[in-house]
Amino acid sequence: MKKIAFTILAALISLTFFGQEITGQWNGVLKVPGAQLRLVFNIEKTANEISATMDSPDQGAKGIPVSSSSFENSVLKIGISQAQIEYEGTLGKDNIIVGNFKQAGQSFPLNLSKEKVEKEIPNRPQEPKKPYSYYSEDIIFENKKAGITLAGTLTLPKQEGVFPAVILISGSGPQNRDEELLGHKPFLVLSDYLTKNGIAVLRYDDRGFAASKGDFKTATTADFATDIEAGIAYLKTRKEINKSKIGLIGHSEGGIIAPMVATQSKDVAFIVLLAGTGIQGDQLLLLQQQLIGKASGMSDEDLQKIKSNNTKIFDITNKSTSTEQLQTDLTNYFKQNPNTEKPAGMTDEEFVKLQVQQIATPWMHYFIKYDPAPTLEKVKCPVLALNGEKDLQVPPKENLGAIKEALSKGGNKNATVIELPNLNHLFQECTTGSPQEYATIEQTFSPTALTEITKWIQTQAN
């Protein structure tokens, strides 16, 4: 849900060399809406030609091959068909390649040079700086059920005492303990604020990411719930934690996980859902695609085509009983209903495989089929559900309404549901709510939202 990622897939590159010195390492920073991505082309001369690979350091990818390329009359052309990527640039006398990077029909300037380049450091005034005014400890805890260890940070108002505590649960996609994305560190800002107001906070790197062990790619939302259970077990071993006042704060997908854990564990005293979902995954994705597409300027006709196609794909997904079956079902569907927007240079078989890989994963299969309402009906502990008015990823009207209805149906007498004006999915004060704004906004977390969360937790902890 939160995932706005520029994904670069692998292939091979072969360039034709004419005259100018194109060999060596070429560096650039790709600036796309909401993100900056460093790219590196490593070009080597062979017997009669040159070969190269591409690195994407910010994605941890090295040696990425490409499918087609040329270097003629000072013009470098590179194509990566599987990712719908094209690059074309002209090498000037100043030894800088001035060009454009295209992916999926969108074009962005990308200049390359042999000098090392760095991303611009965005201004994030809310981000706390060390030394902190509270106690902070890097810790490791074990998920015995999964056989992995998770690394995180525990912050305490002061080193001695007994405090209420919360575990922060990140949104979809691999996240570090700060839920870092687009130059923002929402969980660092949130944990700092809570800890300064008397609440201990455990935040951790998602399994298989940063310093945590495990395999993120094979895990589902239900698997991530066991990581939270392990975090609760860890907090119960700490003398500084009030064991009867341990709560969960889940953002986006984390807002699905928190109710799961709360229904399984009597140790959960309260939960906070930040842009949590109340409707089934397929319906959420259809809404999300329409709202973001409209904000991006897509026509109603194109949006309707996307909705119709995705509805069919989600129907297939809902009927599949395993990821393996889903791979087969989708392969047959895409072969019978070929997409007319196949990238140049890609075979029909390659394009079908690419489309299947985007959907037939354990996580996506589970997410599309999962309806959070039945779980919410079973939650008996106090609940605070917050959404931003301009959230285009988890629309507030549909989701807050469904959350409220499910909690009420289950007889929960301590549920607070609030739509916060003018906030987006990251709880930033915004203009349109579009994901393209996230990185350009200096604010990381609305003070209004921070206050609302903290005051509510303090009420539960008393």
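**Exercise 1. Decide whether Tyr-134 is buried or exposed, and do likewise for Tyr-132.**

Solution. In this predicted model, Tyr-134 has a relative accessible area of 10%. Since the cut-off for a buried residue is under 20%, Tyr-134 counts as buried. For Tyr-132 the relative accessible area is 23%, and a value between the limits of 20% and 50% is classed as partly exposed, so Tyr-132 is partly exposed.

**Exercise 2. State how many aromatic pairs the whole structure holds, and classify the geometry of the rings of Tyr-132 and Tyr-134.**

Solution. Begin with the total: a search over the whole structure returns ten aromatic pairs. Next, take the rings of Tyr-132 and Tyr-134, whose centres lie 5.2 Å apart and whose planes meet at 10 degrees. Two rings pair when their centres are within 6.5 Å, and planes under 30 degrees apart count as stacked; the pair of Tyr-132 and Tyr-134 is therefore stacked. Elsewhere, Phe-141, Tyr-204 and Tyr-234 form one aromatic cluster.

**Exercise 3. Describe how helix 1 is covered, and by which elements.**

Solution. Helix 1 spans residues 186-196, and nine of its eleven residues are buried, so that the helix is mostly covered. Among the buried residues are Phe-187, Leu-188, Val-189, Leu-190 and Leu-194, together with the polar or charged side chains of Ser-191, Asp-192 and Thr-195. The cover over these buried residues includes strand 12 (148-156), strand 13 (163-169), strand 14 (200-204), strand 15 (241-251) and strand 16 (268-274), and helix 11 (447-461) also takes part. Just after helix 1, Gly-198 adopts a positive phi of about 90 degrees.

**Exercise 4. Compare the radius of gyration of the protein chain with that of a compact globule, and describe the chain as a whole.**

Solution. A compact globule of 462 residues would have a radius of gyration near 23 Å, and the protein chain has 24 Å, which agrees. Along the principal axes, the C-alpha atoms fill a box of roughly 75 × 55 × 45 Å. The chain contains eleven helices and 18 strands, and 52% of its 462 residues count as buried. Among contacts with a separation of 6 or more, 66% join residues 24 or more positions apart.

**Exercise 5. Characterise the surface and the charges of the protein chain.**

Solution. The accessible surface comes to about 21200 Å², and 49% of that area belongs to carbon and sulfur atoms. As for charge, the chain carries 48 positive and 52 negative charges, and the mean positions of these two sets are 5 Å apart.

Methods
Residues numbered from 1 in each chain as written. Predicted model: local features only at pLDDT ≥ 70, side-chain atom pairs only at ≥ 80, totals over all residues. Heavy atoms only, no water. Helix = DSSP H or I, 4+ residues; strand = E, 2+ residues; numbered from the N terminus. Rg over C-alpha atoms; globule rule 2.2 N^0.38 Å. Buried < 20%, exposed > 50% of the residue type's maximum accessible area, 1.4 Å probe, protein only. Contact = heavy atoms within 4.5 Å. Areas by Shrake-Rupley, 256 points an atom, 1.4 Å probe, with all protein chains shown as cover. Lys, Arg positive; Asp, Glu negative; His and termini not counted. Charge placed at Lys NZ, Arg CZ, Asp CG, Glu CD. Phe/Tyr/Trp six-rings, centres within 6.5 Å; stacked < 30°, edge-to-face > 60°.
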